[in-house]
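Work through the exercises below with the model open. Each task is followed by its solution.

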Amino acid sequence: MIILRFAEFELDIQQRRLLKDGALIRLGSRAFDLLTALVLRANQVIAKEDLIREVWPNTTVSEGALRVHMASLRKALGLGSPCPFLRHVANQGYIFEVNVEERGVDPKNPRRADLAGLPAFAMNVIGRRGFVESCLAVLDKGVLTIVGPGGIGKTTVASLIVQEAAGDFEKIVFVDLGALAGEGRIALSLASQFGLTSYGDSPLPGIIKAIGGQRVLLFFDNCEHLVDEAANVIEELTRRVPKAQIIATSREPLRIQSETVRRLGPLEMPSEIEAEAFLTKFPAVELFLERASLSMGDSWTNSPGDLSNIATIVRKLDGIPLAIELAAARIVDLGISALLQSLDSPLTVLRRGRRTAPPRQQTLRATLDWSYSYLSEDEKQLLMLLSSFARAFSYNAATAISRDFLGPEAFDDALTGLLAKSLISQREAGGQLKLLETTKEYAGVKLNETTYAEDVRGTHARFVLGQLPATEQDWDKQTTHEWLATHGSLIDDLRAGLKWADSAAEHQLFVDLASNSDLLWTQLGLMGEQFLVVQQAIEKLAKIGQDPVAEAKLRTAYGAISYNLHSVQGDDDSIQQFELAAKAAELVGEPAQAVRAYSGICAILIVQGRYEAADKLTWKVDKELGLPARSTIVRIAAHNSHYMGRNDDAVRFALEAIDANGALRKGTRTSGVHFSQRHLALMVMAKTAWIMGSTDRALAILDELLGEAAEINHGVSSCLVLSVGAVPMYHCMGHTNLSRKYLDRLQHVSETNSLFRWKEWAESYELLGFGRSPTKDADDVIRDLLKGAHGPRLENTVVVAGGRAPQQLLDLAISGEAGWCKAELFRLKGELSARSGGDGRNWIKRGLELAYQQKALLWQLRCATSLVELETGPERGEARRTLEQILAAFPQAPPALEYTAAAQVLAA
């Protein structure tokens with residue numbers, strides 16, 4: 001942290017503390033901001049307008065307010081007037097004439113985790129320093145649970161603790177349980193924060209894998225919403241990842257092992273006999289004064305007796321920060337005396353209410369009832385309307401939700417009033433608005449008492465539906481980080497919209513929300529949750545009659561999720577859903593949606609090694625759908641051509657696919673199983689260039705591909721690039737360190753995202769490429785490969801294994817349609833035969849002949865090298881000449897591994 005020293009003072013900007021000779025000097029929020037602005041620009045004249053903008057960024061105040069706070073600052077510094085180093089420059093501004101010394105970053109905290117996801121809170125957190133320090137002292141003892149009633153400031157204090165502890169952690173993850181609509185979502189939401197896609201029953205193994213050995217701080221907020229599930233998830237994490245530190249906020253303890261409970265009490269208040277001169281030293285009074293100053297600006301100063309009345313007010317409000325803030329906002333139209341009188345009745349009634357009521361209903365409910373009663377009718381209505389949002393919302397969103405209920409002028413006046421009364425908070429980043437959770441809950445109850453509550457929630461759900469097209473439009477215009485920042489929070493409103501549509505039997509709206517939100521679910525890594533929603537939506541199709549467009553989208557999503565969720569066992573179900581999706585899309589003339597479904601079928605056929613069937617289907621679709629499907633058709637054709645060994649066609653179609661995709665780099669939605677079109681085309685080009693002898697070009701394309709995949713960070717596409725491209729290519733080129741690196745990456749991505757199909761690839765490579773498997777023994781892996789029958793996984797594994805490939809796997813691969821590596825398979829079969837005492841040369845000659853037909857220089861070189869080793873007599877000389885001719889045919893230097901082997905046999 002940075003400490004600024006001047007004269008006998010030390011200014012800690014981050015912790016908002018001012019020390020004089022080691023003693024704490026109390027400053028109000030505005031005075032502190034004013035001092036900070038002056039010190040940071042010491043020995044410069046600062047214009048009055050600039051100071052006002054810095055200290056009151058979101059409030060219009062007069063120059064008089066600046067003068068008042070300057071006088072207050074001089075008094076607080078205890079330097080008299082005029083201050084020796086703070087002076088006014090006529091007609092210009094103010095100057096802070098002092099030498100300022102800066103102390104650098106604490107060397108014990110050289111690395112700070114990203115705090116961007118934490119809830120916003122005021123930097124000047126009043127009256128909580130001792131509590132924060134006591135929490136920091138026990139943070140490393142397991143789970144720290146901050147307990148207290150609603151509105152007491154648990155989230156604010158926890159956020160401050162996290163910020164101050166950030167230097168001790170590599171990663172900080174925030175999970176707001178209050179935004180989750182029901183049971184079973186906590187682990188899924190946590191997985192999403194780690195960028196994981198959860199396809200399995202439980203994402204916890206993936207989360208644990210993602211944490212690994214990192215120093216991680218997990219912050220679970222509002223646990224009372226789902227306290228039993230929260231306790232189970234957190235206890236499991238503490239058991240499985242003991243190094244992870246956890247902070248939780250809740251209205252009741254979690255009651256789990258290793259839990260340290262810290263109860264957050266009210267702000268310290270003065271007693272009834274406290275002298276007026278000392279009242280401002282109490283945090284409850286300080287908070288009231290700060291909020292009152294914010295509401296009134298320079299139009300309000302303390303009158304005689306005001307401080308005593310304020311002390312009585314904060315005592316009546318039990319020192320609860322939210323209640324104090326709401327009360328302070330009322331002095332604008334009531335004044336201190338009237339405010340004090342108005343507090344008597346509601347709070348007295350509440351204290352005599354039902355003893356078994358939750359603390360929120362015993363304190364904050366009364367305060368909110370009272371505050372609500374003084375709102376204008378427009379303010380009341382807007383507050384109720386805004387309670388329909390799940391989390392933060394924009395000004396435009398608030399306008400849209402209120403359009404049918406409030407006119408533009410009434411809306412603006414009501415919004416301004418709610419902001420001034422602290423019933424809406426505004427985040428500086430992006431200007432997002434937010435109701436405090438307790439306020440939102442209260443306003444939601446009030447909304448339910450109206451005759452138009454259902455209309456409002458319907459309006460909200462339809463608003464969410466209207467936002468979904470932008471998620472697709474922006475996907476290729478923004479980086480993944482920008483896209484998530486812009487659209488990621490919409491998921492909570494989508495959940496709320498789906499929940500309402502389901503309860504209100506608005507089947508069409510539910511179907512529309514489910515069928516148009518595929519990208520949002522997949523990019524947030526929530527396909528497991530999406531699967532449940534899609535299944536519900538498909539069931540509702542029967543209730544709304546025909547909707548082929550929605551049906552096509554839903555069944556395509558179903559097929560894609562099932563493909564990844566159930567691995568090989570889900571293939572038949574996925575194909576059935578894709579076929580139904582294609583039929584529905586064709587019924588209404590939606591070629592783009594139809595080809596997306598057909599591409600899902602092709603992907604499964606290819607995975608099963610049925611390349612001819614995939615190719616036949618591809619050109620059937622091309623003939624039937626024509627130009628609108630062409631960009632996807634050529635991508636599928638490139639894939640098919642590669643596996644069938646048609647190398648020239650593979651390159652031609654891959655180039656056409658990339659050209660058709662234009663500048664788009666993230667087209668994961670062009671395929672039914674969420675492969676990136678560009679990534680697939682680049683992978684085909686890299687692998688084909690390698691097989692055809694252009695090693696440098698292959699490595700350049702592969703490098704570009706890996707860079708893009710890492711940037712976009714889409715789980716399925718990353719696994720495709722790693723398993724089909726990087727791992728086998730680097731391994732076969734002799735770059736075992738790189739192959740090992742990307743195999744580890746493949747294992748990590750597939751495990752943390754529960755992508756079982758791709759995890760099987762990693763297990764195969766681990767055993768047959770590197771001679772070990774951390775999770776399965778050799779027989780299990782070989783049995784899995786034999787059970788999966790033909791397909792790219794089997795073929796790539798055998799190629800990577802080379803001479804170590806078991807005979808039954810080699811024979812199975814040869815019996816399939818593997819055109820791309822058939823020549824290499826024949827060569828391996830020949831060498832295996834020779835080692836067993838057989839001839840083997842005919843197998844290798846078959847491989848060499850096929851390699852010539854395919855222009856596969858790599859396989860030609862390998863076959864010719866093996867043939868020289870096996871031939872004898874005159875045939876050996878002919879084999880040598882063939883090998884020399886092949887070496888000369890390479891457009892650039894032959895691959896090093898194969899060249900070394902060829903040179904050795906030629907020199908023998």
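**Exercise 1. Decide whether glutamate 708 and arginine 678 are buried or exposed, then place their salt bridge.**

Step 1. Both glutamate 708 and arginine 678 are buried (under 20% relative accessible area; exposed is over 50%, partly exposed in between; 1.4 Å probe, protein chains only).
Step 2. Their side chains form a salt bridge, 2.9 Å from N to O (a side-chain nitrogen of Lys or Arg within 4 Å of a carboxyl oxygen of Asp or Glu).
Step 3. Glutamate 708 sits in helix H33 (residues 695-712) and arginine 678 in helix H32 (residues 677-691), so the pair ties together parts 30 residues apart in sequence. Helices are DSSP runs (H or I, at least four residues), numbered from the N terminus.

This is a predicted model: local features need pLDDT of at least 70, and side-chain atom pairs count only at pLDDT 80 or more, while totals for chains, interfaces and linings use all residues. Residues are numbered from 1 along each chain as its sequence is written, and side-chain values use heavy atoms, leaving out hydrogens and water.

**Exercise 2. Analyse the salt bridge of glutamate 766 with arginine 740.**

Step 1. The closest N and O atoms are 2.8 Å apart.
Step 2. Glutamate 766 belongs to helix H36 (residues 756-770) and arginine 740 to helix H35 (residues 736-752), so the pair links parts 26 residues apart in sequence.
Step 3. Glutamate 766 is buried, at 1% relative accessible area. Arginine 740 counts as buried at 17%.

**Exercise 3. Locate aspartate 492 and arginine 495.**

Step 1. Both lie in helix H22 (residues 490-503), three residues apart.
Step 2. They form a salt bridge at 2.9 Å. Both are buried.

Terms used. Helix = DSSP H or I, 4+ residues; strand = E, 2+ residues; numbered from the N terminus.
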